[in-house]
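Please look through the sequence and the 3D structure shown here before reading on. The report after them describes how the parts of the chain are arranged.

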Amino acid sequence: TQLTDIEKELRYYTSHFKSKVVFCNCDDPEESNFWVFFRDNFALLGLKKLISTHYEKGKRSYKMELTGARYEDGELKFDNFVKTPLKGDGDFRSEECIEILKEADIVVTNPPFSLFREFVAQLMEYKKKFLIIGNINAASYKEVFPLIRDNEIWMGASIHSGDREFRVPDDYPLNAAGYRVDENGVKFIRVKGVRWFTNM
């Protein structure tokens with residue numbers, strides 16, 4: 001997810017994050033712009049803790065935690081980066097990731113679109129506040145539409161056209177209708193019908 005897209009949406013929610021634990025549970029902190037946004041705005045938002053886990057199929061993954069940031073002589077300094085191995089691959093449905101979810105107040109991420117139903121159901125089951133990216137078609141899912149109808153979740157504020165660019169791994173096949181490779185060889189694809197979904 002592009003940092004500019006995250007910044008454009010998150011500016012509407014700054015008051016929600018003070019003294020909260022934010023969990024980015026589909027994000028490799030070494031790659032994720034969600035992690036970058038919350039790390040760099042930790043002090044400004046007044047976060048209590050930032051946690052990130054990511055999925056690595058068939059391999060043990062890890063979680064990263066940040067528990068402090070401060071300004072010192074006009075420069076942002078970070079305290080207590082803690083990297084901890086997970087027992088499993090970081091699947092958001094795993095028991096250990098659910099235990100981390102229980103600790104969190106707010107989930108902000110770009111979950112796998114193919115697992116969107118399960119992802120939203122889990123957030124609702126554990127009564128979590130969230131801001132996540134999904135396809136507009138998810139609004140018509142039988143598991144999601146009643147939540148929108150009953151005003152339990154709604155669309156975010158910043159994306160209306162729904163055509164957004166996402167960075168993909170180096171080994172990702174470029175067979176999408178819209179894609180590009182930048183001057184550094186980094187691959188991007190364009191995805192149509194993208195929206196933010198939230199209950200904040």
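What follows covers the sheet, the helix lying across it, the nonpolar cores and a few single residues in loops.

**The sheet**

The structure is a predicted model. Its open sheet is made of eight strands, and their order is β4-β3-β2-β1-β5-β6-β11-β7, with mixed pairing. The edges are β4 (75–85) and β7 (154–155); each has a single partner strand, so one side of each has no neighbour in the sheet.

The pairings between some of these strands are listed below, with one bridge pair named for each.

| Strands | Sense | Bridges | One pair of opposite residues |
|---|---|---|---|
| β1 and β2 | parallel | four | Val21 and Lys49 |
| β2 and β3 | antiparallel | four | Ser52 and Met64 |
| β1 and β5 | parallel | two | Phe23 and Val107 |
| β5 and β6 | parallel | four | Val108 and Leu131 |
| β6 and β11 | antiparallel | five | Asn135 and Val194 |

Strand β2 spans residues 49–53, and five of its five residues are buried. In a regular strand the side chains alternate between the two faces of the sheet. In β2, Lys49, Ile51 and Thr53 point one way, while Leu50 and Ser52 point the other way. Residues on both sides of β2 are buried. β6 is also mostly covered, with six of its seven residues buried.

**The helix across the sheet**

Which strands does helix α5 lie across? Helix α5, residues 116–125, lies across β5, β6 (129–135) and β11 (194–198). The angle between α5 and β6 is about 170°. As noted in the table, β5 and β6 run parallel and are joined by four bridges. The chain goes from β5 through α5 to β6, and this β-α-β crossover is right-handed.

**The nonpolar cores**

The largest nonpolar core contains 26 residues. Within this core, the residues with the most contacts are Phe17, Val22, Phe38, Leu50 and Val108. Two or more residues come from each of α1 (3–10), β1, α2, α3 (42–45), β3 (62–72), β5, β6 and β11. A second, separate core has 23 residues, including Ala104, Leu115, Ile132 and Ala138.

Val108 appears both in the pairing of β5 with β6 and in the list of residues with the most contacts in the largest core. Leaving aside residues up to four places away in sequence, Val108 touches Phe17, Val22, Phe23, Cys24, Asp27, Phe34, Phe38 and Leu131. Leu131 is therefore one of the residues that Val108 touches, as well as the residue in β6 that Val108 stands opposite.**Buried residues in loops**

Is Asp182 buried or exposed? Asp182 is buried, because its relative accessible area is 17%, and the cut-off for buried is under 20%. Asp182 sits in the loop between β9 (179–181) and β10 (187–191). Its side chain reaches the backbone nitrogen of Asn184 at 2.8 Å. Asp182 and Phe119 are 63 residues apart along the chain, and 32 Å separates their C-alpha atoms.

Ser32 is in the loop between β1 and α2 (33–40). With a relative accessible area of 8%, Ser32 is buried. The side chain of Ser32 reaches the backbone nitrogen of Trp35, at 3.3 Å.

**Residues with positive phi**

Most residues other than glycine have a negative phi, and most peptide bonds are trans. Where is Ser19 placed? Ser19 is in the loop between α1 and β1. Phi of Ser19 is positive, near 65°, although the residue is not a glycine. Ser19 counts as partly exposed, at 48% relative accessibility.

Asn151 is not a glycine either, and has a positive phi of about 60°. Asn151 lies in the loop between α6 (145–149) and β7. Its relative accessible area is 56%, so Asn151 is exposed; the cut-off for exposed is over 50%.

Notes:
Residues are numbered from 1 along each chain as its sequence is written. This is a predicted model: local features need pLDDT of at least 70, side-chain atom pairs count only at pLDDT 80 or more; totals for chains, interfaces and linings use all residues. Side-chain values use heavy atoms; hydrogens and water are left out. Buried means under 20% relative accessible area, exposed over 50%, partly exposed in between (1.4 Å probe, protein chains only). A polar contact is a pair of N or O atoms within 3.5 Å; within protein, one must be able to donate a hydrogen and the other to accept it, and residues adjacent in sequence count only if both atoms are side-chain atoms. Two strands pair if DSSP finds at least two bridges between them. Contact means heavy atoms within 4.5 Å. Axes are lines fitted to C-alpha atoms, for helices over the stretch in contact, and angles run from 0 to 180 degrees between N-to-C directions. A crossover is right-handed if, with the strands pointing away from the viewer, the path from the first strand over the helix to the second runs clockwise. A nonpolar core is a set of buried Ala, Val, Leu, Ile, Met, Phe, Trp, Tyr and Cys residues joined through side-chain atoms within 4.5 Å.
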